[in-house]
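Subject: The two-chain model, with notes

Hello,

Here is the structure I promised to pass on. Please have it open while you read my notes underneath.

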Number of protein chains: 2
Amino acid sequence: MAQHVVIIGAVALGPKAACRFKRLEPESRVTMIDQTDLISYGGCGIPYFISGDVSSAEELQSTSFHMLRDKKFFKDAKDIEVLTGKRAIQVDREKKVVVMEDTASGKIEDLSYDKLVIATGSRPKIPPFEGVELKGVYTVSNLQDAVHIKNEVASGGVGSAVIVGAGAIGLEMAEAMTDLWGIDTTVVEIEDQILPGLISRNLAKMAQRHMEENEVKFYLSTRVLRLEGQGRVERVVTDRGDLDADIVIVATGVVPNHELALKAGLDVAPQGGIVVNEYMQTSDPNIYAGGDCVVIKNLITAKHFYHPSGALANRQGRVIGTNLAGGNARFEGAVGTFVVKLFEISVGSVGLSLAKARAEGFDSVNTLVIQLDRAHFYPDKDLMYLELTVEKGTGRVLGMQGLGNKGDGMFARLCAVAPILKYCPTVEDIGNLELPYSPPFSAAMDIVNALGNTAQNLLQGRNRVVDPDEFVRWWEDREKGDTYFLDCRGWGNAQPYVEKYPDSWKHIPQDELRYRLDEVPRDKSIALICNTGVRSYEAQITLDQAGIRKTFNLQGGMAAVKKLGLDPVQES
Amino acid sequence: MAQHVVIIGAVALGPKAACRFKRLEPESRVTMIDQTDLISYGGCGIPYFISGDVSSAEELQSTSFHMLRDKKFFKDAKDIEVLTGKRAIQVDREKKVVVMEDTASGKIEDLSYDKLVIATGSRPKIPPFEGVELKGVYTVSNLQDAVHIKNEVASGGVGSAVIVGAGAIGLEMAEAMTDLWGIDTTVVEIEDQILPGLISRNLAKMAQRHMEENEVKFYLSTRVLRLEGQGRVERVVTDRGDLDADIVIVATGVVPNHELALKAGLDVAPQGGIVVNEYMQTSDPNIYAGGDCVVIKNLITAKHFYHPSGALANRQGRVIGTNLAGGNARFEGAVGTFVVKLFEISVGSVGLSLAKARAEGFDSVNTLVIQLDRAHFYPDKDLMYLELTVEKGTGRVLGMQGLGNKGDGMFARLCAVAPILKYCPTVEDIGNLELPYSPPFSAAMDIVNALGNTAQNLLQGRNRVVDPDEFVRWWEDREKGDTYFLDCRGWGNAQPYVEKYPDSWKHIPQDELRYRLDEVPRDKSIALICNTGVRSYEAQITLDQAGIRKTFNLQGGMAAVKKLGLDPVQES
């Protein structure tokens, strides 16, 4: 039985649902409407278009075989009709009609449907600054804006840029501005770390330092008061001073475009976003919705959450396409993931960060492990920094975050953990996680396994730790004499510290410790130090056995302290 | 209650179990014995030592912080006694005594234990060739042999090498011989493909071609009859002729060293390997075993299988260490994984290959997908080749194999699938698999998701395919006129084929096909061709709709045919 499917929105989910449906039910008719002319583009590629890595906007609109996904493409290759410049203004569910307005002529038309897909996406969340309407102020919300930004920066007239918001897209934009165009770029963030809520303060600080080494400036804990300029933006006024800005990018997140659905009487979540079931159906079984305009189930908390993502939109689009054709495909939800390349590093997360886990009421803790990303004897290796978020008591793993070099090694570890989070793994499961092993790719006891094992030792109270930032505070307070700093490494590593701070930085190599226990004071907190936290953990056990238990193993060791830029023997 | 733990074997599992146990129960005593002096080395690094990537054998024996893991290290850093040059010849379970022989003096000694760990590992499977005892014939079984091989090749006296066996280690050795040392290297394999049983014939052929482009020669379907030479090996005599060889490496697999356990009356599997429960206990609860001398549970087949792996040995070692200290850690089994770097590519597998799945009685099939490893608009991208092994009927995913460039992108996809195989995922689960998405790392619809979706279409009979090697056979038989070859790509791609074979290679672009249906014959098999199989699948649906159903979509498209070296417009 042929039917007419109408799809509102022609980016990501809309086209995916349309194409899948047409492959299953080629005899049926599909009409996809969009309020603009730029359809079916890869929005996540915008920062790479700005940076020049992607040379033209058309590339973001093309298939992998270089065909432009325009109206003609959808007609000829997919047998799908696309109406552009049509804004859906109302859905009459009784009559099964979409009322649309022509954006050029203002003409109103009705479009009947048998089944409807709402794929209206999201729009930038714009803080209520004075001056956001000035020329030169942009969001990174669509390809039209992206083309304007690219034209401006390519014209050579932009000397300084301010990015408002240090989320993943803000940081990608900061890299794009700095790296190719050499624009003096400052990121302003209201929270006290970059990627707030997404990764820990320590990982965030490491990533920030890397970006600073690449000439990006940061103003954290800084509130934008207003944007100023004569017609065109000239400066950003913040509570910590003024910043010159030839261009301003507002990247403070997005909100779902659920208004059409709300007006039609469909269920919308209190926090925003259209509510759908696992078949991606709204509260009206003839209307589906997906992509950035819906809330989905978080497979860790079992609650609704808003997680806009081009990848999820594609998966949901296929589910909708199948179900429009009478199938019963399911999209069960997501655990939430992100990964971002920042110059020469990558940063990412799967599942809940510690901040989110605690906000959700999980009594949880993070473990930091720093280890080489492949066999330690293999030549091309690099340190990787991973944190595991775990629930105390149960040992349930809630999430993992990390930082690695810009290759795919970090991505690989995120891929190893993301798909299993919905099965409620424990730290023991992560310790035993089965990954392919070969020296050019991984270690026999891979960093992911080490992370699970370290978390287990931490939860069982066997490994008692101090975080690197806290360790540095102890060190800065060393004159108080509360803490005894004991370096357990070989002399080669310890020497510069001992020579610079002979009174404060003590040294007993871990393999001599059991014979030199009488040198260790019994009346002080002891901070145990090695390169990454492995030997200091061994030292802790040796001291435990000797009844010296007020010891704290520096998590991530000096590798963490150095990466934070806080090495006591380095001029900062 | 302090106890004495004896561990037989001091490589991989033995040291891991010993160290973990001592961390949990530092008051107890551990004695680890080994028949050689070279202990606790990374055996998987041997090919990289031979190739020169690892400069000295000591590096393979060192910790990541450059301490040599010798007897002194274990004594001082770990409080573990190591006895080298002691061969365990008997276990008296009644008396709880290990009888050991000094390999130098022949002296027999008893060593009492409270608990025992058997970590006797594996030994090379040596085929019964005449001449294997000749000088210059080696296995890749231990560091001693590796040092001999390295000394020989570094001396410059080795002009030609023959590797017997095209498994992962044989291929790694072939690369090592060729790449740095420029040795004329030939791999002889009795089966008709490299990596037999591990990956499909098509993937194997692609990998083989890459190695051939890097000067490695192959003799497949070739049986070694004997090795010949005057005292030292000079040639390998095969059923397909003689091969000169200054050095011969026999890499035909390993067998478990279970004899000591068998003699002690412990359960040993019929196919070889000590039987252990999920706590890694043998049939004697006071005796644990793990690593290359045991069989483990295959989490896909639920049967025992032999899967020697340094990574699994480490995980099992930790489980044993925990349980020796009264814990109840579990090692539930494995799905089986491998990954290998071969010059500029990587090849790997998780779970069952099609050959293994069929041998296990699964009615199964493979799907091939070729796609870019990151967003198609991102500059540094490369094709990746993945195959999914799925059970017909249930749609259960049994395994995945693939080939990519030598970066970590292929490893990442293996990591994404390996950990979930034990949860019995379906093709739908793989289609929806949640991986982090960002254009520098992945595609919005990542190749893994595309693989699941393609497999689903295949199982549902919607996508009817022809494998690339079969397609080439049809093409070679084109004079018979049974098959109509229809290229669905744009003219730019199709042109060289149409111009070279105007009578046989037909061209209708997919986006014109619905308007040109009358050009398509209704009395022939039709092979549908595009770059990777995506547009030809669309064409198949269009033809289905027109009632033309005897069509076959070329799996992997011309990308597969080219990678196999079978492109009809390329001189081979």
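Below is what I found, starting with how to read the model.

This is a predicted model, in which local features need pLDDT of at least 70 and side-chain atom pairs count only at pLDDT 80 or more, while totals for chains, interfaces and linings use all residues. Residues are numbered from 1 along each chain as its sequence is written, and chains are lettered from A and ligands numbered from 1 in the order in which they are written.

How the two chains are related

Chain B falls on chain A after a rotation of 180° with 0.0 Å of shift along the axis, at an RMSD of 0.0 Å (copies are superposed by least squares on the C-alpha atoms of residues with pLDDT of at least 70 in both). The two copies are thus related as by a two-fold rotation axis. Both copies use the same surface, since 100% of the contact residues of chain B recur in chain A. Within chain B, A412(B) comes closest to the rotation axis, with its C-alpha at 1.9 Å.

The contact between them

Chain A and chain B each put 74 residues into the contact, where two residues are in contact if their C-beta atoms, placed from the backbone, lie within 7 Å. On the side of chain B that touches chain A, helix α11 (residues 409–417) gives the most, with 6 residues. (Helices, H or I of at least four residues, and strands, E of at least two, are DSSP runs numbered from the N terminus.) That side of chain B divides into 41 nonpolar, 18 polar and 15 charged residues; Ala, Val, Leu, Ile, Met, Phe, Trp, Tyr, Cys and Pro count as nonpolar, Asp, Glu, Lys and Arg as charged, and the others, Gly among them, as polar.

A glycine to look at

G310(B) sits in helix α9 (residues 310–324) of chain B. G310(B) is buried, with 22 other C-beta atoms within 10 Å (buried means 20 or more, exposed 12 or fewer, partly exposed in between, with C-beta atoms placed from the backbone). Beyond its neighbours within four places in sequence, G310(B) contacts residues including Y437(A), A444(A) and A12(B).

A sheet in chain A

Chain A has an open sheet of 3 strands in the order β4-β5-β6, with antiparallel pairing; strands pair if DSSP finds at least two bridges between them. β4 (86–92) and β6 (108–112) of chain A stand at the edges with a single partner strand each, so one side of each has no neighbour in the sheet. Strand β5 (residues 97–102) of chain A pairs with β6(A) over 5 bridges, and V99(A) has D110(A) as its bridge partner in β6(A).

Best wishes
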